[in-house]
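Biologist: Could you take me through one small part of this model up close, and then show me how the rest of the chain sits around it? I'd like one connected story rather than a list.

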Amino acid sequence: MTALSITGVNSEYQGVRVLDGLDLQMEQGEILALLGPSGCGKTTLLRAIAGLQPVSSGCIHVQGQCFNGEGNFTPSEQRGVGMIFQDYALFPHLTVADNILFGVTEKDSFRRGALLEEMLTLVKLEGLEKRYPHELSGGQQQRVSIARALACKPKLLLLDEPFSNIDSQVRGELMMEIRAILKSRKVSAVFVTHSKDEAFVFADKLALFKEGRIVQHGTAEELYYSPAERYVADFLGRGNYVPVQVVDGFNVDSPLGQLVSTSELTWPSQYSGEVLLRPQQLTLEPDDAAAGVIRDRRFLGNFCHYQVEIASQLLEVRSQLTQLLPGQKVQIRAEAHPLVIF
Ligand SMILES: Nc1ncnc2c1ncn2[C@@H]1O[C@H](COP(=O)(O)OP(=O)(O)OP(=O)(O)O)[C@@H](O)[C@H]1O
């Protein structure tokens, strides 16, 4: 089932368009990251899905129900959508138990108690139900807000930078844990972040934004290895751009020698462009007769990050050969893979 469908959504602030013709589909149980730099419209889309931001045209459907568009507008409180914010937004004067049960409509006290127990166990806060928010760590407060949202059995969970106030030491672990909770309950979630590392860890799919538009939508691997444009390639990680000329459907000439693509190139023969080579897609081999020279070396545990000069260009290379030293000559090779050429 489609959990969320967005078609042709536009939105403006004081006449300035901040969401520009967005199209996006998300399957039930999926976790989708809205990723992009500050000010590109991620939070505005999240707010539009929640019914907190007007949409000037286009449609938003959640589980097949039209919330916005086609003459419909469902008020925020009737959407059955849960929201989690970076500042947790807990009620300071309510205990953990009262915060968790805040939006629960069930009146039967036995069932309310059972639900509270279930939620406390789920987010590992057993025994803390009588505490107030100020008596909890940031991570514990975020667990309460997750429990509060899930207690209402939302059709869709919206999370706005939920981990940005969490200590970096526990952030990774909390992300994995909350992801496991959402997966175990098959909760569909849309998650806003400007961090590709958070998107990689937490989400199944990524929608990368640029100035109010979605530039590419897909799995982390798709965006990382088959970026639609340089903006996507650069946002998702470090890369080298090496000049190439296309020889035929699978081969290009470059300063590193001939490179082989394992998928057919879309560019015609003689096309001159630049191939994207991630630091870990390059390998080094010591060779006194080679044209590459190590210029810098950073030891990072079980691998080294080198800067290697070749044909007046500095390339970043991540290698498990950790004993190479600045000044040493090396062969640089790229294994055959689906080449990305811009
Ligand atoms: N209340 C507002 N009034 C006017 N313009 C606004 C308002 N809120 C946001 N904007 C503008 O809309 C654009 C999109 O903002 P939005 O908050 O959606 O971006 P974002 O990608 O979530 O950024 P961040 O990661 O910094 O939160 C920005 O140019 C922003 O300045």
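Modeller: Let's start at Gly 39, which sits in the loop between E3 and H1. Keep in mind that this is a predicted model. Gly 39 counts as partly exposed because 13 other C-beta atoms lie within 10 Å, and a residue needs 20 or more to be called buried. If you look for Glu 198, 159 residues away along the chain, its C-alpha atom is 18 Å from that of Gly 39.

Gly 39 is also one of the residues around the ligand. Its neighbours in that shell include Gly 36, Ser 38, Cys 40 and Gly 41, then Lys 42, Thr 43 and Thr 44. Tyr 13, Gln 14, Val 18 and His 194 are there as well. Helix H1, residues 42-50, gives the largest share of the shell, with three residues. Sorted by class, the shell has eight polar residues, three nonpolar ones and one charged one.

Now follow E3, the strand on one side of our loop. E3 (31-35) helps to cover the buried residues of H5, and those are Leu 174, Ile 178 and Leu 182. Helix H4 (138-151) is part of that cover too, along with strands E8 (156-160) and E9 (189-193). As for H5 itself, the helix runs over residues 168-184, 17 in total, and spans 25 Å from first C-alpha to last, close to the 24 Å expected at 1.5 Å a residue. Just after H5, look at Lys 186, where phi turns positive, at about 55°.

Stepping back, the unreviewed UniProt entry carries the annotation "domain: ABC transporter" over residues 4-236. That span is 34% helix and 28% strand, and the C-alpha atoms at its two ends lie 24 Å apart.

The domain assignment cuts the chain slightly differently from a single block: domain 1 takes 2-235 and domain 2 takes 238-341. Their centres, taken over C-alpha atoms, are 39 Å apart. Where the two touch, domain 1 puts in five residues and domain 2 puts in four. On the domain 1 side of that contact you'll find three nonpolar residues, one polar and one charged.

Technical notes: Residues numbered from 1 in each chain as written. Predicted model: local features only at pLDDT ≥ 70, side-chain atom pairs only at ≥ 80, totals over all residues. UniProt positions renumbered as here; feature names shortened; annotations may be inferred. Helix = DSSP H or I, 4+ residues; strand = E, 2+ residues; numbered from the N terminus. Near = placed C-beta within 6 Å. Nonpolar A, V, L, I, M, F, W, Y, C, P; charged D, E, K, R; others polar. Expected span 1.5 Å × (residues − 1). Buried ≥ 20, exposed ≤ 12 C-beta atoms within 10 Å, placed from the backbone. Contact = placed C-beta atoms within 7 Å. Domains from an automatic or database assignment.
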